[in-house]
Every structure is written in C-alpha cells, then in structure tokens.
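The following exercises are to be worked through in order. Please keep the sequence and the structure in view while reading each solution.

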Amino acid sequence: MSSVAAAGSLVETARRISEAVAAPAADAVDQSARFPHEAMAALREERMLGALVPRAFGGLGATVSEVAACCAALGRSCASTAMIYAMHQIQVACLVRHGLVSPYFRDYLAQLAQHEWLIASATSEHGVGGDLRRSVCAVERNDSRIRVIKEAPVISYGEETDDILLTARRASDAAPADQVLVLARKAGIRLTRTGAWDTLGMRGTRSLGFTLEVSGSPEQVVSVPFSDVASQTMLPVAHVVWSAVWLGLATDAVARARAFVRAEARRTPGAVPPTAFRLAETVAELDSMKATVHGGLADFEQHRDDPEALGGLGFAIRMNNLKASASRMAPEIVTRALAVCGISGYRCDSPYSLGRHLRDAHSAALMISNDRVLSANAAMLLVHKDS
Amino acid sequence: MMSDKITDGIRGVLRDFGRLAVDVSTLADQSNLYEAGLTSHGSVTLMLALEDQFNVEFPDRMLRREAFASIAAIRTSLAQLVGADV
C-alpha cells in the first residue's frame with residue numbers, strides 16, 4: 001500500500017470514529033469529566049495507537065503529519081479524545097525516533113503495536129515551576145533494578161493508561177537539567193492520587209495529580225539524553241499535534257456557526273443575514289489558523305531527519321511560535337463563532353452550542369504556558385540572527 | 001599562546017555566568033557542561049557573555065547545543081571566529 005493510500009485510510013478511519021463514536025459521547029465525557037473510553041476503544045480496535053510504529057515492527061508506519069490529521073479529525077468532535085490521542089502519539093514518537101537503537105524498545109514498540117498499549121506522560125513535577133527541562137526526581141540504581149519516585153501535579157489519563165513515559169535526573173547526583181526519559185511499565189507503576197481534575201475544560205483527559213512510584217530494569221531508560229529527545233521530537237511533535245487538535249476544535253466551532261447562518265438565510269431568502277458578515281471574518285481567521293498549523297507541520301516534516309536543524313535555535317523558535325499562535329487563535333475563533341450564533345451558541349441545549357468548545361479552547365494557552373513559550377523565544381532571540 | 005587565553009576567557013565567563021552546579025576549576029576541558037548543570041537558559045546567557053567577552057557574534061550554525069557542551073567545544077567555535085590556531 002502506498003503511503004498516500006495509507007494516509008487517506010488512516011484519516012478516514014479517524015474521521016469515522018470521530019463522528020460515529022466520539023461525537024455522541026462528547027457532552028457526557030465533558031459533563032462527568034470521565035475518560036472517553038468508547039472513542040479510545042474504537043481507536044484501539046482500528047490499531048491507531050500504534051500508528052507511528054514502523055511497519056517493520058507491526059505498526060501502521062504513519063507520519064507525524066498523518067497523525068496530526070487524525071488529531072484534527074478527532075478534535076472536531078471531542079477535544080479530550082483528540083488530546084489523549086495526541087499526547088499518546090508524542091510518547092510513541094519519542095520512542096520510535098530515539099529508542100530503536102535498543103533491543104528493549106524495539107521489542108516494546110512491536111508489542112505496543114500488537115496490544116495497542118496506551119502511554120501517558122509524566123514530565124511536570126512539583127518543585128520545578130513548570131520547566132520541562134528540569135527534574136527533581138532521579139533514577140536510583142540498586143543492584144540490577146532502577147527506581148524513581150516523582151511528585152506529579154498532573155498525569156493525563158494516569159488511571160487509564162498502560163504505561164507512562166517520565167522525565168527524571170539521570171542519577172541521584174545529576175544536575176536538575178541532566179535528564180533522561182524512563183518508560184514505566186504497568187506492572188512496575190504505583191500511583192497514589194494526590195489531586196483531582198475538576199476543570200473548566202478538557203475534562204475528559206482526567207489529568208489528576210499523583211505520587212508516581214516506578215520500579216523496573218535499567219533498559220527502560222532511553223539512552224539518548226532527554227535534551228536531544230525534547231528538542232528533536234517531544235517539543236516539536238507536541239506543538240504540531242496539539243495545534244492540530246485545536247484546529248479541529250476551532251473548525252467544528254466554525255462549522256456550527258456556518259450551520260447557524262445557513263439556517264438563518266433559509267428563513268429570509270433573498271437577504272444576506274447580518275451574521276453572515278461576522279461569519280466571513282471568522283472563516284478568514286480559521287483559514288489563517290489552518291495555514292499556521294499546516295506551515296508548522298511542513299516545517300517539521302522537512303527537517304524531521306536532520307537532527308542538526310531540529311536542534312537549532314531557529315527551529316525551536318518557529319515551533320514555539322506555532323504553539324503560541326495556534327493556542328491564541330483557537331479561543332479567538334470560538335469566541336467569534338459564539339458571536340455569530342448569539343444566544344443559540346450560548347445555550348448548552350442547542351445544536352449550535354459552543355460552551356464546551358470555548359472552555360476546551362482556553363486550555364491551549366496553558367499547556368506549557370504561552371508566557372513560558374514566548375519567554376524562551378525572547379531569550380533565544382537575544383543570540384539568534386536568522387542569517 | 002592565543003588558545004590558552006581563549007580557554008582562560010571561557011573559564012572566566014563560565015564562572016561568572018554559567019550558573020553551574022560545580023566549581024569551574026574542577027572541570028576538565030572535555031567535561032560535559034550540561035552534566036555540570038548548564039541549562040538551556042543558562043546556555044543563552046553564556047553565549048551572550050562569550051560574544052561580549054570576545055567581541056564576536058556566533059553565527060546561527062554555531063548555536064547548537066553540542067557547540068556549548070564543553071570548554072573544548074566552545075574553544076573550537078571561538079577559535080574559528082577570532083581566527084586563532086587551535
């Protein structure tokens with residue numbers, strides 16, 4: 001099968017699951033802040049959790065762009081489902097792109113593709129102030145075993161996941177920025193709940209706080225330093241797939257506004273409804289967002305096999321800009337769509353309802369705070385010359 | 001020797017601006033600065049301080065993590081910019 005045909009079918013499958021499974025459950029997932037188990041089961045059934053695993057290891061061999069298209073398709077129905085799928089794929093991408101040198105991770109990825117395991121992420125930690133690139137916890141080695149204890153303020157779908165990819169200092173005497181990734185396996189994970197997840201939006205991600213205790217073997221530590229994994233894969237892939245989720249969310253908000261205006265126009269044939277002008281502005285904003293997200297994706301795909309380019313300041317600045325822009329545009333577009341739909345969008349019981357979209361969209365600026373993202377760019381721009 | 005001056009200059013800048021977890025004098029020229037506590041934010045500060053100290057501008061191709069991973073790596077970059085023998 002050609003990759004284009006595979007891509008088509010993968011996105012088609014995501015679209016079908018989005019419409020048939022995720023959409024009908026989205027309001028219930030939001031209202032009761034529960035895991036979107038129907039949609040995740042459907043994704044598993046279609047072997048989409050192993051999408052990024054190379055075909056040689058039994059996966060679908062999809063590209064990050066294809067996965068991003070799936071995230072956007074899911075985001076049109078349920079942002080929580082789309083974000084869980086996106087977060088899982090970020091972890092798989094880290095292992096596929098940096099773990100294949102190790103027999104342990106080759107075997108793990110083959111099994112992931114076969115059993116459709118779900119991976120969560122534990123990067124944030126109490127005591128580092130939201131800095132991805134510093135850890136307090138450390139990999140402690142004892143005989144032939146390793147152990148990590150991490151105070152995690154949030155682990156999205158921590159209670160529903162199979163495995164967890166976490167950051168930790170390389171060793172007990174390592175500096176806070178000298179980090180490695182550790183794949184915690186289900187049997188070696190102990191979670192003690194320390195916090196709840198009762199939030200404005202993204203309620204289905206169930207990003208509870210935990211004390212995470214991990215035990216395992218040294219081969220579960222990714223040998224490539226986390227600094228390289230972060231700059232070459234985790235950050236850029238996160239920014240492109242997150243942006244795709246937000247694009248999907250914004251697209252559905254605009255679709256509702258369009259349906260609202262069409263219904264209005266049908267009631268007053270011959271006259272363009274006043275809301276149509278606001279809609280035209282909103283569609284223009286959505287097109288800008290689309291261009292931003294697709295541009296970021298193209299940038300990543302162009303450099304994906306060039307560690308030097310991926311590790312450069314210019315690329316990091318552009319990926320940070322993608323994140324900051326897409327996360328600013330999503331709530332703006334939903335707000336515009338709400339203005340188009342008026343009271344029908346404001347109601348929670350109308351087909352044009354936009355409350356969930358608006359609440360979900362406001363999470364975008366907080367997932368790695370935009371202030372942090374732009375501060376990082378501010379610092380890098382002091383030395384970057386764009387020559 | 002010019003290269004010694006460069007090394008001394010780098011060590012001075014690292015001591016003043018590197019915010020390392022260890023004493024710079026205990027580091028070998030080949031020691032990994034990131035393992036010694038250099039952060040990504042710290043590396044930007046370090047680049048700026050080196051540009052000021054040596055009156056140079058690092059071109060973007062040199063603004064890579066590996067180019068600031070050790071005193072020896074920094075010296076290689078700087079030597080290209082100030083035209084010294086290494």
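**Exercise 1: Strand pairing**

T192(A) stands opposite T211(A) in β7(A). The model is a predicted one, in which local features need pLDDT of at least 70 and side-chain atom pairs count only at pLDDT 80 or more, while totals for chains, interfaces and linings use all residues. Residues are numbered from 1 along each chain as its sequence is written, and chains are lettered from A and ligands numbered from 1 in the order in which they are written.

Task: State how many bridges join β6 and β3 of chain A to β7(A).

Solution. Strands (E, at least two residues) and helices (H or I, at least four) are DSSP runs, numbered from the N terminus. Two strands pair if DSSP finds at least two bridges between them. Step one: β6 (residues 189–195) of chain A is joined to β7(A) by six bridges, and the two run antiparallel. Step two: β3 (residues 145–155) of chain A and β7 (residues 208–216) of chain A also run antiparallel, with eight bridges. Within β7(A), G216(A) is the bridge partner of I146(A).

**Exercise 2: Helix span**

Task: Compare the expected span of α9 of chain A with the distance between its end C-alpha atoms.

Solution. The expected span is 1.5 Å times one less than the number of residues. Helix α9 (residues 313–341) of chain A has 29 residues, so it should span 42 Å; the end C-alpha atoms are 42 Å apart, which agrees. Just after α9(A), G342(A) has a positive phi of about 60 degrees.

**Exercise 3: Two domains in contact**

Task: Describe the side of domain 1 of chain A that touches domain 3 of chain A.

Solution. An automatic or database assignment supplies the domain bounds: domain 1 (3–117), domain 2 (120–220) and domain 3 (226–380) of chain A. Residues are in contact if their C-beta atoms, placed from the backbone, lie within 7 Å. Step one: 23 residues of domain 1 of chain A are in contact with 21 residues of domain 3 of chain A. Step two: α4(A) supplies the largest share of the domain 1 side, 10 residues. Step three: by class, this side has 14 nonpolar (Ala, Val, Leu, Ile, Met, Phe, Trp, Tyr, Cys and Pro), four charged (Asp, Glu, Lys and Arg) and five polar residues (the others, Gly among them).

How values were computed. Contact = placed C-beta atoms within 7 Å.
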